[in-house]
Each structure stands twice: as C-alpha cells, then as structure tokens.
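Let's take a walk through this fold together, from one helix to the sheet and on to a few backbone details. Keep the viewer open as you read.

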Amino acid sequence: MIIYGRNPVREALRGRRAGQVGEVWATAGAAREPWLEGARVRSASVEEVQQRCGSSGHQGICAEAGGYPYTSAEELLVGENPLVVALDQVQDPQNLGSICRTAECAGAAGVVIAERRAAEVTPAVCKASAGAVEHLKVARVRNIADFLADARGAGCWCYGASGEAKTAYDAPDYGGSGVVLVLGSEGEGLRPRVAKACDELIALPMRGEVDSLGVSAAAAAVLYEILQNRQRVS
C-alpha cells in the first residue's frame, strides 16, 4: 500500500506500521520535514510523487507502507469499559476516514467494519483520517449483527444511531460498562437485523430544515457525548 499526504506518512512512521514503511518519495519542500529524520527518503518531483500514489492530494510526499494491520474484533472488547464504533455498510472512504479520526481522538478502542459492502482501509482512508488509522485498531468481521451479539455477551451495551429513535442521544448512561456505537450506511441507515441486535436506538435532535446529519458528523456528535458522559460520572 502506498500512502500519501504529510499526516498519513508521519503517523505511519511512528505508528503500528513503523517497521513496514519502506522508501519515502518526497519533493524538496516536503523532504525538509524534521520527522523524516532516519527515514529512507528519495527525492522526487511533484509529478513523480503523484504517479507513485495516484492522487493529487499527496502534499509532496508518499511512502510504501505495506498492508494495513487489521486486528481481531475480540481484541477490541477486552479491557475496562471499551468504547467501540461499529459501522454497518459505510461505503464512502472519506466517511470511514473521518470516523476513524474522531474515534481515535475520542479514545475509542477501535472501529469495526464489515468484510463486504463496506469501505476498507485504503490510502484514501488513511488520508481522510489524517493518519489516525495508524494508531486506532480497525477490525473486519463477516457480520455486524453477530459482532454485536458477541459484544453484548462480553458485557457491552450496543447503541444504534437512528433518526427514527425515540431515545435522545444524551439520555443513556454510557458509564460503567463497555459501549458499542453502531452507525448505518450513508443512505439507508441501520439494516433491520443490525438495529434489532442493538440494546437501544438513539437519535440526535434535528432543529433545522434538513432532517439528517452525515454519518461522520453524527459519529462525532455521539462519540463526544459518550466521552463527556463518562467524564461526568467518573
């Protein structure tokens, strides 16, 4: 995998893939970044960097980073009161990257995605996450509903975000146990079986003329409510 952009390359060099990062191709300007000290940097033109990574959003730098190291879903459920984000068929790489960035910043244990009909961690996702995927654990599972059953068996409460829910997003007590926040696809939301596998469905208030938020914005709003709720009760 060739990743691109200054934040993704920097975080790869200090994250879980640090040992896998090979050559770094950088323009003269990008090569002056102090965090490149010790890396195998090869001088390249803007055109050469773009040809290597296949994107114009490279910011003058790209690197060979090897395959993305997915973790197991079970690993996300260990520890004290883990916070996990589960995505039901979220297919837009920008949304996946943005959600991963927010989840990492909020201290989540990780993100769970489906193996099929869902975005996976690609160079575009690395860029959209500003390199957060290099520190955040991401797991792929065959079935999101089955993962939620496992999470409930491990003592977690599963909350699905749904615009039709009667419970407000700030009503539950998110402290005292593990929490899985479940978010649906960009157009259809949660599938019925996934919604049924949740302990409770929650909704954000809509005060304007537009009746819904994008999935990455909804993720940010609910994740930080969970974080604040846990801080209040701790």
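In helix α1 (residues 6–14), the buried residues are Pro8, Val9, Glu11 and Ala12. Their cover includes β1 (2–4), β2, β4 (61–64) and α5 (123–128). Please keep in mind throughout that this is a predicted model.

Staying with β2 for a moment, the loop that runs between β2 (24–26) and β3 (41–43) holds Thr27. Is Thr27 buried or exposed? With a relative accessible area of 12%, Thr27 is buried, since the cut-off for that label is under 20%. Beyond its neighbours within four places in sequence, Thr27 is in contact with Ala44, Ser45, Val46, Val49 and Gly60.

Now for the sheet. Seven strands form an open sheet with parallel pairing, in the order β7-β6-β5-β10-β8-β11-β9. At its edges are β7 (137–141) and β9 (167–168), each of which pairs on one side only. How is β9 joined to β11? Two bridges link β9 to β11 (residues 200–203), and these two strands run parallel. If you zoom in there, you will find Ala168 opposite Ala203 in β11.

Helix α6 packs on the sheet, where it touches β5, β6, β7, β8 (156–161) and β10 (178–183). The direction of α6 makes about 145° with that of β8. Which residues of α6 are buried? In this helix (residues 144–153) they are Ile144, Ala145, Phe147, Leu148 and Ala151. Viewed down the axis of α6, these buried residues fall within an arc of 155°, so they line one face of the helix. The general background is helical periodicity: an α-helix has 3.6 residues a turn, so residues three or four places apart point the same way.

Both ends of α6 have something to show. At the N-terminal end, Asn143 acts as a cap, with a side-chain oxygen 2.9 Å from the backbone nitrogen of Ala145. Just after the helix, Gly155 has a positive phi of about 95°.

Another helix to look at is α4, which lies across β5, β6 (110–114) and β7 and runs at about 175° to β5. Ala103 belongs to α4, and its relative accessibility is 0%, so Ala103 counts as buried. What does Ala103 touch? Setting aside neighbours within four places in sequence, its contacts are Val85, Ala108, Val111, Leu136 and Leu223. Glu75 is 28 residues from Ala103 along the chain, and the C-alpha atoms of the two are separated by 16 Å.

Finally, some backbone angles that may catch your eye. Most residues other than glycine have a negative phi. Gln59 has a positive value, and Gln89 has a positive value too. Here they are side by side:

| Residue | Phi | Loop | Relative accessible area |
|---|---|---|---|
| Gln59 | near 55° | between α2 (46–53) and β4 | 43%, partly exposed |
| Gln89 | near 60° | between β5 (83–87) and α4 (93–105) | 12%, buried |

The loop of Gln89 leads back to elements we have already met, as it connects β5 with α4. Gln59, for its part, sits in the loop before β4, and β4 is among the elements that cover the buried residues of α1, where this tour began.

Conventions:
Residues numbered from 1 in each chain as written. Predicted model: local features only at pLDDT ≥ 70, side-chain atom pairs only at ≥ 80, totals over all residues. Heavy atoms only, no water. Buried < 20%, exposed > 50% of the residue type's maximum accessible area, 1.4 Å probe, protein only. Helix = DSSP H or I, 4+ residues; strand = E, 2+ residues; numbered from the N terminus. Arc of directions from axis to C-beta. Polar contact = N/O pair within 3.5 Å; in protein donor to acceptor, adjacent residues only side chain to side chain. Contact = heavy atoms within 4.5 Å. Pairing = 2+ DSSP bridges. Axes fitted to C-alpha atoms, helices over the stretch in contact; angles between N-to-C directions.
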